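My notebook is open and the viewer is loaded. I'll jot down what I look up as I go.

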Amino acid sequence: MQSRGVLKGSAGLSAVRSCLLLLFIHMSAPVEPKRVAGGRAQTRRVQQQQQQQQQQQQQQQQQPPANRERVEGAESFPLDFTAVEGNMDNFMVQIKNLAQSLYPCSAQKLDQDMKLHFLKNVSVTCNDGSPAGYYIKESKGSKRWLLFLEGGWYCFNRQTCDSRYETMRRLMSSTKWPQTRTGTGILSPQPEENPHWWNANIVFIPYCSSDVWSGATPKTDHSDYAFMGSLIIKEVVNELLTKGLDKAKVLLLAGSSAGGTGVLLNVDHVAEQLESQGHRGVQVRGLADSGWFLDNKQYKFTDCLDTISCAPTEAIKRGIRYWGGLVPESCRQAHVGEEWNCFFGYKVYPTLKSPVFVVQWLFDEAQLTVDNIHLTGQPVHEGQWRYIQNLGQELRSTLRHVPAMFAPACLSHELITRTYWMDIQVKGTSLPRALHCWDRSLQDNNHINGSHSRHNQQKHKTPPVRGCPLHLIDSCPWPHCNPSCPTIHDQLTGQEMSVIQFLKHMGFDVQKMAQQQGMDPRTLLGMLNNGN
């Protein structure tokens, strides 16, 4: 894939070329004779041009018929650039100004970056009490809105939060946030990188609550930190209603990692918020990327001393009390007294009313990390290899009844904001294509039901459009058996690794696997090289 800078440059050159063409067409068009300032000089120039043309016509008439150009139609006049030959720089400045003033060519004039806005409600804050906020790139005229929740783990007690504040302060405070952000992947304003959402209203909500977007607890004299993730989303939505969200047709709440889990926890809250304020025409949907975690047993049990080594279930049990975390009401009723269950995708998803598209690597690096599988420079042994394969099988099993999903058999974490997100495929379909198919299926379903209400979107019964697959999951059993997986780098040397090198590093025994499959080892190696 080309770099974004090259694409951006070529797009700008194309825009200028288009505008120059429009300018020359305009200048070449026949016009009524007018007297202008400097009219005598202008008249002499026109007379000279006419005399030159008469002489050329006489010469053409004297030429043999075979060499004479055939001239038909209206008489044409050559463009005269003699007036600008001495000041070409000024001429090009005028051309660029004209290009920016013409709407079809004004893409370069638009500010592509998202701009920071702090919340007007100053009582809704980050962990340290600094104001929460959001970045926005508005697209006037568009009725599609994409709200993205940033990820970045969590902390679950005073000790882990103090450590987080020292090492990852930007995830707990807004004091050093930049004034602008550039969107990538599904947040990109470039159609080459983001074919279906580039022209939407894009909103990036920074993660500064450390609570998986669930908390509703302010900072007080008796508490060191605020945990207000859920309230931050609510306040952002309230402010966006004054910027055009009230007239939206679609609101896609997206997020990666902890933000992906935040989507599952908040998508119904956002839908209910809009409905309660009378905005029932807005279709609220969710896109959860790399937030579908399992409450499985760790490969190696460790004490819950820090965020990385603590088992997910234990961390969430402690965290939900510390944060004052909120979960969807329907999920809370299904798990009374054990609301921590609602932080795990396969348990909260069946209780949701809003349609959600799930993106999940089958061998998620964050899941392996909390399961205490650390892929360092040393090859993994057979027990770890089996654990990794079983993880893929478990994830595949929990996604079985999710109708709209994209699950490649790769070892990675997060996808939708990566610049290479268009390159990954499952069964020949890319993620942007799958999301477009999902969008079409929901639109068709709404037309059938004659209503935009989320209760009519039938999350579990959305029929796929013919030739437009939605349920995309790899069936091959080991990491990176999909040939479109992201490039792997050796963690010690930083060098790229081939699939075979990676599998050998992971402890994959080619001879043994070939024997189990009843095939020649060379045949198996060929299949691995092709990603089969």
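I started with a weak patch: over residues 103-109 the pLDDT (the predictor's confidence in each residue, from 0 to 100) stays under 50. The model has eleven contacts beyond four places in sequence for residues 103-109, where contact means heavy atoms within 4.5 Å. Residues 64-85 also stay under 50 in pLDDT, with 14 contacts beyond four places in sequence. Note to self: where pLDDT is low, the predicted coordinates should not be read in detail. For the whole protein I get an average pLDDT of 79, and 68% of the residues score at least 70.

Ground rules, before I forget them. This is a predicted model, in which local features need pLDDT of at least 70 and side-chain atom pairs count only at pLDDT 80 or more, while totals for chains, interfaces and linings use all residues. Residues are numbered from 1 along each chain as its sequence is written, and side-chain values use heavy atoms, with hydrogens and water left out.

**Overall look**

I looked up the protein's helices and strands: there are 15 helices and 16 strands. These are DSSP runs numbered from the N terminus, H or I of at least four residues for helices and E of at least two for strands. Of the 532 residues, 48% are buried; buried means under 20% relative accessible area, exposed over 50%, and partly exposed in between (1.4 Å probe, protein chains only). The accessible surface comes to about 27200 Å², and carbon and sulfur atoms own 50% of that. Those areas come from the Shrake-Rupley method with a 1.4 Å probe, and for residues only the protein chains shown count as cover. I also checked contacts between residues at least 6 apart in sequence: 76% of them join residues at least 24 apart.

**Rings**

How many aromatic pairs does the structure hold? I find 13. The rule is that rings of Phe, Tyr and Trp (its six-membered ring) pair if their centres lie within 6.5 Å; planes under 30 degrees apart are stacked, over 60 edge-to-face, and the rest tilted.

I picked Phe148 and Phe204, a stacked pair at 5.6 Å centre to centre with 25° between the planes. Phe148 is in strand S3 (residues 144-149) and Phe204 in strand S5 (residues 201-205), so I'm looking at a link between distant parts of the chain, 56 residues apart. Both of these Phe residues are buried.

Then I tried Trp153 and Tyr154, whose ring centres are 6.3 Å apart with planes at 65°, so that pair is edge-to-face. Trp153 is partly exposed at 27% relative accessible area, whereas Tyr154 counts as buried at 10%. Trp153 and Tyr154 form one aromatic cluster with Trp323 and Phe343.

Phe204 came up again: the charged end of Arg181 sits over its ring, 4.0 Å from the centre. The charged end of Arg144 sits over the ring of Trp197, 3.9 Å from the centre. To count, NZ of Lys or CZ of Arg must be within 6 Å of the ring centre and within 35 degrees of the ring normal.

**Disulfides**

I found six disulfides, each a pair of cysteine sulfur atoms within 2.5 Å.

Cys410 and Cys485 have their sulfur atoms 1.9 Å apart, and with -85° about the S-S bond their link is left-handed. Cys410 is in the loop between strands S10 and S11, Cys485 in the loop between strands S14 and S15, and they are 75 residues apart. Cys410 is buried at 0%, and Cys485 is buried at 11%.

Cys437 and Cys468 are joined at 1.8 Å, S to S, and this link is left-handed too, with -85°. Cys437 lies in helix H12 (residues 431-449) and Cys468 in the loop between H12 and S14, so parts 31 residues apart in sequence get tied together.

Is the Cys476 and Cys481 disulfide right-handed or left-handed? The torsion about its S-S bond is about 80°, so I wrote down right-handed. The S to S distance there is 2.0 Å, and both cysteines are buried.

**Odd backbone angles**

Most residues other than glycine have a negative phi. Ser210, though, has a positive phi near 55°, and it lies in the loop between S5 and helix H5 (229-240). Val212 also has a phi near 55° and is found in the loop between S5 and H5. Ser210 is buried at 0% relative accessibility, and Val212 is buried at 4%.
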